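Open the model in a viewer and keep the sequence panel beside it. The stops below each begin with a selection and then say what is found there.

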Amino acid sequence: VGRNKRLWGAVRSLESLQPYANPRNGYPVPGKTSNGFIYAKIFGGFEKIRSSICDLVTISRLLNATLVIPEIQESTRSKGISYKFKSFSYLYDEEQFIASLKNDVNIIKSLPEYFKSARRRSEFPTFKPKSSASPNYYVKEILPSLKKAKVVGLIIMDGGCLQPILPPILSEFQRLRCRVAFHALQFRPEIQIVGLRMVERLRAWGQPFLAYHPGLVRDTLAYHGCAELFQDVHTELIQYRREQMIKQGIVNDELSVESHIRRENGSCPLMPEEVGLLLRAMGYPSNTIIYVAGSQTFGGQRLLIPLRAMFANVVDRTSLCSKMELSDLVGPETPLPPDVFKMPNPKSEEQLKEEWNRAGPRPRPLPPPPDRPVYQHEKEGWYAWITENDKEPNPSPMDLRMQAHRLLWDALDYIVSVEADAFFPGFHSDGSRWPDFSGLVIGQRLYERASSRTYRPDRKKIAELFNVIHDNMYHPKRNWILSAREHLNRSLSEEGLIRQSLLSKPTSFLSHPIPECSCRISSVEITKPIEGKDGRILFGGEPECPKWMQSARAEKARTDETEPAEDENDVPEQLEPDVISSLTSLIDHDEEWDPND
């Protein structure tokens, strides 16, 4: 099947960028002796784990330390994972990790025996570095303790332990981060096989596919104050989490904020309905294959109803993989007692009579009006506590196991998103201090294939566009369609990269690993470096690629010149009336829809 190059073709202006994370001149191999051992505990989900491991390797190189394979707290044995795996090997390939970095850092699987007992007695110094910790902090604060005790422990909770942007003199450490993230951190073989099988099944449809990550995560929504964009119990859950963040000092703001103002500032995620309308404006037909990534979407499947009404082929891992394939990934697990909701025992006739007698003198006032009915799924879901308690209960053993499983589902989604023909993030470059899933995907796609179609929308600009057609979203005028298309096309190229460098790179280097980890094929057009106010290069400034890359690129360019161009001025038709009516009926008919479906 032929491809529409306007929708799926490479971004020509970025084709000269190539991945090049190899060390430059004067990069010595680590010696047999080191200053000591570093062990670490990593807290957080998929994004925080991946970013933290890259920082750990970089710090080990900086301090000339031997790194012990870090412990991922989400997948320890205490979380109920299969006995086949340790914490790190539950997600990543240990042997590949050690072998790939043998010329960068000495890595071992566990501490030597004579240090293990001392660690159990907590005899070694332990540090909790922030994600903004500078190299100077490690050299002055941690290196003396490392040399003295020979072992130090790190507890990493912020999704990283080294500042994302380093001075130019430390560019080799940035390239080391790239080698860890894009080469050494390979998922264990079983995950890779299933992930690539999913990509093959999507390709078997005979047409390209787009990956979309909604970015609707409870912590992110609470951090930015987006509670009012949701309804019912979800608003309460977001506000509860925001209140906890304020108490912990993570959020320095009021509890109740105007979510719609936050949305207009670009702080809140794009809703799936808005993404669907933007894709239609770009000209993607209704039979486009859209893969929805993300191990969980806060708000449930009801938020995806408008997107599914606009695009018939919306799929996820559950529609591409059988239950057997997914359970094989998890491995054999010890059975846990199910979290079954038990209704309170009915009161006996004697209890009812006793309550009646204790009720006070007659005539008694009328009872209060009945409360809103509480549906069965609200009593059974993970969020049921919000209707009865003021404090969120501790996660059950089944909840902990499900959190570990989500690491595997995120890994599958990561593989598919990186391999997709186009990628659209619902939320990225959010300005918070954590790395995000979409940012990591965007960074790896930029590193491996800079010219791949990776949208980087400005959510503030998108909010302005939707405010114009708020009352007529499904029948926009041609000028609006062209404006939306122009913005998204610009986000694919230099303009999107410069914005990504300004907003996302200060939070996560892996979301924008250029110019440190790339080179440029020599071409007629010489890209002049664009510098920011702080003197940092935002775009351009890459060195020239080695000759073998130059020849391979020239051959590809000759092949591309023979392909015909596509019409860029076609405007998508408006939604058919029957699609709009079916969408409206689906949204209206959800009184008892389970938000957790």
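Which residue stands opposite K41 in strand 4? The residue is E71, and the tour returns to E71 at a later stop.

This is a predicted model, in which local features need pLDDT of at least 70 and side-chain atom pairs count only at pLDDT 80 or more, while totals for chains, interfaces and linings use all residues. Residues are numbered from 1 along each chain as its sequence is written, and side-chain values use heavy atoms, with hydrogens and water left out.

**Stop 1: strand 2**

Select residues 37–42, which make up strand 2. Helices (H or I, at least four residues) and strands (E, at least two) are DSSP runs numbered from the N terminus. Five of the six residues in strand 2 are buried, where buried means under 20% relative accessible area, exposed means over 50%, and partly exposed lies in between (1.4 Å probe, protein chains only).

Now add the neighbouring strands; two strands pair if DSSP finds at least two bridges between them. Strand 7, residues 151–156, pairs with strand 2 in the parallel sense over six bridges, and in strand 7 L154 is opposite A40. Strand 4, residues 71–72, also pairs with strand 2 in the parallel sense, over two bridges. Strand 3, residues 66–68, runs parallel to strand 2 and is joined to strand 2 by two bridges. T66 in strand 3 is the bridge partner of F37. Between strand 2 and strand 3 the chain passes through helix 2 (residues 46–63), and this β-α-β crossover is right-handed. To check the hand, point the strands away from you: the crossover is right-handed if the path from the first strand over the helix to the second runs clockwise.

**Stop 2: salt bridges**

Show the charged side chains. The whole structure has 28 salt bridges, each a side-chain nitrogen of Lys or Arg within 4 Å of a carboxyl oxygen of Asp or Glu.

Select E71 and R119, whose side chains form a salt bridge with an N to O distance of 3.1 Å. E71 is in strand 4 and R119 in helix 4 (residues 113–120), so the pair ties together parts that are 48 residues apart in sequence. E71 is partly exposed, at a relative accessible area of 26%, and R119 is partly exposed too, at 22%.

Next select R121 and E123, a salt bridge with the closest N and O atoms 2.6 Å apart. R121 counts as exposed at 51% relative accessibility, whereas E123 is partly exposed at 48%.

Then go to K505 and E516, where the closest N and O atoms are 3.0 Å apart. K505 counts as buried at 1% relative accessibility, and E516 counts as buried at 16%. Finally, select E94, E95 and K109, which are joined into one network by salt bridges that share partners.

**Stop 3: cysteines**

Show the cysteine side chains. There are three disulfides in the structure, each a pair of cysteine sulfur atoms within 2.5 Å.

Select C178 and C517, with an S to S distance of 2.0 Å. The link is right-handed, with 90° about the S-S bond. C178 is in helix 6 (residues 171–184) and C517 in the loop between helix 21 and strand 13, so the pair ties together parts that are 339 residues apart in sequence.

Select C226 and C268, whose sulfur atoms are 2.0 Å apart. The torsion about their S-S bond is about -100°, so this disulfide is left-handed. Both C226 and C268 are buried.

Select C519 and C545, joined at an S to S distance of 1.9 Å. Their link is right-handed, with 95° about the S-S bond. C519 is in strand 13 and C545 in the loop between strand 15 (537–539) and helix 22 (547–561), 26 residues apart.

Why does C54 form no bond with C178? The sulfur of C178 is the closest cysteine sulfur to that of C54, but at 8.5 Å it is too far for a bond.

**Stop 4: confidence**

Colour by pLDDT, the predictor's confidence in each residue, from 0 to 100. The mean for the protein is 85, and 86% of its residues reach 70 or more. Select residues 562–569, where the pLDDT is below 50. Then select residues 575–597, over which the pLDDT stays under 50. Where pLDDT is low, the predicted coordinates should not be read in detail.

Note on methods: Contact means heavy atoms within 4.5 Å.
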